[in-house]
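Subject: Two-chain model for your review

Dear colleague,

Please find below the structure that I am handing over to you. I would be grateful if you would read the notes after it with the coordinates open.

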Amino acid sequence: MMQDSQDERLLKRAYWVSRQRWIAAALVCAATYGSTNFFGISLNSVPLYLIGVLLVAYNALLILLLKHFTRGEFPRYEAVKKIVAFQISADLVILTFVLHYSGGIENPFVFYFIFHMIIASILLSVTESFLQATFACLLFGFMLLFEYEQIIPHYCLKGFISNCLYQDTRYIMGTYFTFVTAIFLVVYMASSIASKMKKAEEGYREANELLRQKDRIKDEYVLRVTHDIKGHLAAIKSCLDVVVRKMAGDLNPQQQDLLETSQRRTTSLNNFVKALLNLTTMKLQGKMEMSRFSLGDTIAGALSTIESNASAKSISLVRKIDVASDEIFGNQVSVEEAIIDLLLNAVKYTPEKGTVTLRAEDNCAYVRIEVEDTGIGIPQKEQNRIFEEFFRASNARNFERDGTGLGLSIVKQIVESHKGRIGFESKENVGTKIWFELPAHPIEAESNHD
Amino acid sequence: MVEAKVLIVDDDQDVSKAIKAILNSEGYVVSCAGGSEEGMKMLESQQPDIVILDVMMSTSSEGFDMARVLRKNSRYKNIPILMLTAIKQKTGFDFKPSAGDPEWLPVDEFLDKPIEPDLLLAKVKALLEKTDE
């Protein structure tokens, strides 16, 4: 996991260097054109333009190679590393040629080698960076030597300097000394900074991974404990139900009352444990099985589940569905559960004879599902906490004693598992509108995932 | 009052007791087994009209395993099976009988714990009526 992300980063940086190379090619051509046409500097233009073209062709080839080695399910990052090391060396050779055809030691662009050294320090290991620095010094040194010894021609930068300097021993020695020290100092400094940053980044990543593991261990623990509690609770509740419903004989009024209280509290506890189990399971599973399903049928199922709760409080349920396609992509059971949770909340926190409206509509590549009520609303100062696990707004606790504080966390978890989004608007004593949007198509879900 | 015979196979005897009381109140004749081995023996002796089976007993799939054995046995394959499980919570999938693979999950109905008396009675009644047809 950690290795992958490092490799991916190297690939991204390799592409970044390629983008800079387009600029370098343009710069070589523009500088050649500008120097000869505007500044009257005598340059051997043809080889320089050719180098510009070569740079473009070579860059295109490198990009194709990078794409070739990283496409498919198993990218070959080893090859990417080799390409990165090769391209820095190749860039140094090209820069040496540019300098050779444009005045050699007389060209002030000699210090552009420094940029390559910074890039090498970021992309390569410390040793590799120093090797590249040595290579740069050798290239530049041999170019100076060969020009000095006239093994290769020297193209004097007439118009920029008054006298050719390629045989001025003292000037050559001074410039070369400065060049070598500058190159090695830059590599030393840039590598130190880069390695410190790499170490810090690895530290953060390891800490993150550790936190994720600890969170998972905690979730597994919660899952095990709640599962055990649920087993006992189920047995208690099943037995209580039998007695309360007088299936095991008659009860006197006081016994009936006490048992009903026990039954009610057990039901609340059972609902809480079920919700916690559900949320923890979802968090641990992370991924859900997705398929195409009918939104209309899912909404109808959700509405029928909460119908009796609504009619018990004379709350009118309004359904407004306006979607182009009834089919959506996701985990049907979870989506139905999310809708049920929102509807249950709306009904629970809406006073008698209120209205709960369920809307479904298209919103670009998403399907939006919205539940609006005429209920107690959420106090302004508590609105930023409503998706927190176990949180219940103060007015909600006063209005309805029973509640797990997990309903909206579950809905949020379901929506996030679908790469969707969730939000709400609420005004105290007026009502609440909670909506979520799910990607209508699997492709959208994939791209969002990235 | 009906007199159909019901076999409950569940290692949680408290749950079995509650189910038994609910079913007894409607006149069913109920026997309980604490595991699949005992359950298989009681199948032989009691000849039940329906089996209520818990999924997780000594192993997490003991109920499933027993259901598969029943379906492969020519004498028992037509006995309806009501499985006690919150299947969705355990697997993340919702196996409706219609959607389930009869080979993999050969049961007729599911019921979540804790048992809702009305739901239990309705499901048992429906399964027995279906078998009568």
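The notes below take chain B, the contact between the chains, and then chain A.

Please bear in mind throughout that this is a predicted model.

Chain B

Chain B contains 5 helices and 5 strands. Read from the N terminus, its elements follow the order β-α-β-α-β-α-β-α-β-α. Of its 133 residues, 48% count as buried. Where contacts in chain B join residues at least 6 apart in sequence, 69% of them link residues at least 24 apart.

One buried position is B:Ile19, which belongs to helix α1 of chain B. The relative accessible area of B:Ile19 is 0%, and the residue is therefore classed as buried. Beyond its neighbours within four places in sequence, B:Ile19 is in contact with B:Ile8, B:Ile52, B:Leu84, B:Ile115 and B:Leu120. For one of these partners, B:Ile115, the separation from B:Ile19 is 96 residues in sequence, while the C-alpha atoms are 7.5 Å apart in space.

Helix α2 of chain B covers residues 36-46, and its buried residues are B:Ser36, B:Gly39, B:Met42 and B:Leu43. Viewed down the axis of α2(B), these buried residues fall within an arc of 115°, so they line one face of the helix. The other side of α2(B) carries the exposed residues B:Glu37, B:Lys41 and B:Ser45. In general, an α-helix has 3.6 residues a turn, so residues three or four places apart point the same way. The cover over the buried residues of α2(B) includes β1 (5-9), β2 (29-33), β3 and α3 (62-72) of chain B. After α2(B) comes B:Gln47, which has a positive phi, near 50°.

Helix α5 of chain B, residues 117-132, has 16 residues and should span 22 Å at 1.5 Å a residue; its end C-alpha atoms are 23 Å apart, which agrees. The buried residues of α5(B) are B:Pro117, B:Leu120, B:Leu121, B:Lys123, B:Val124, B:Leu127 and B:Leu128. Seen along the axis of α5(B), they fall within an arc of 165°, so they line one face of the helix. Which elements do the buried residues of α5(B) pack against? Within chain B they are α1 (13-25), β3 (50-54), β4 (81-84) and β5 (109-111), and from chain A there is α6 (169-244). The buried residues of α5(B) thus pack against elements of both chains.

The contact between the chains

Chain B and chain A bury about 1,800 Å² between them, and 60% of this area is on carbon and sulfur atoms. The contact takes 25 residues from chain B and 23 residues from chain A. Between the two chains there are 4 salt bridges. One salt bridge joins A:Lys237 to B:Glu116, with the closest N and O atoms 3.5 Å apart. The count of residue pairs in polar contact between chain B and chain A is 4, with both residues at pLDDT 80 or more. On the side of chain B that touches chain A, α1, α4 (87-91) and α5 each supply at least two residues. The most is given by α1(B), with 6 residues.

Chain A

Chain A has 12 helices and 7 strands. Of its 450 residues, 45% are buried. Among the contacts in chain A with a separation of 6 or more, 73% are between residues 24 or more positions apart.

Two positions in chain A may be worth viewing individually. A:Gln263 lies in helix α7 of chain A, residues 253-285. Its relative accessible area is 19%, and buried means under 20%, so A:Gln263 counts as buried. Apart from neighbours within four places in sequence, A:Gln263 is in contact with A:Leu240, A:Asp241 and A:Val244.

The other position is A:Thr305, in helix α8 of chain A, residues 295-312. Is A:Thr305 buried, partly exposed or exposed? With a relative accessibility of 42%, A:Thr305 counts as partly exposed. Leaving out neighbours within four places in sequence, A:Thr305 is in contact with A:Glu336 and A:Ile340. A:Thr305 and A:Glu336 are 31 residues apart in sequence, and their C-alpha atoms are 10.0 Å apart.

With kind regards

Conventions:
Residues numbered from 1 in each chain as written. Chains lettered and ligands numbered in written order. Predicted model: local features only at pLDDT ≥ 70, side-chain atom pairs only at ≥ 80, totals over all residues. Heavy atoms only, no water. Helix = DSSP H or I, 4+ residues; strand = E, 2+ residues; numbered from the N terminus. Expected span 1.5 Å × (residues − 1). Buried < 20%, exposed > 50% of the residue type's maximum accessible area, 1.4 Å probe, protein only. Arc of directions from axis to C-beta. Contact = heavy atoms within 4.5 Å. Buried area = accessible area lost by both parts, 1.4 Å probe. Salt bridge = Lys/Arg side-chain N within 4 Å of Asp/Glu carboxyl O. Polar contact = N/O pair within 3.5 Å; in protein donor to acceptor, adjacent residues only side chain to side chain.
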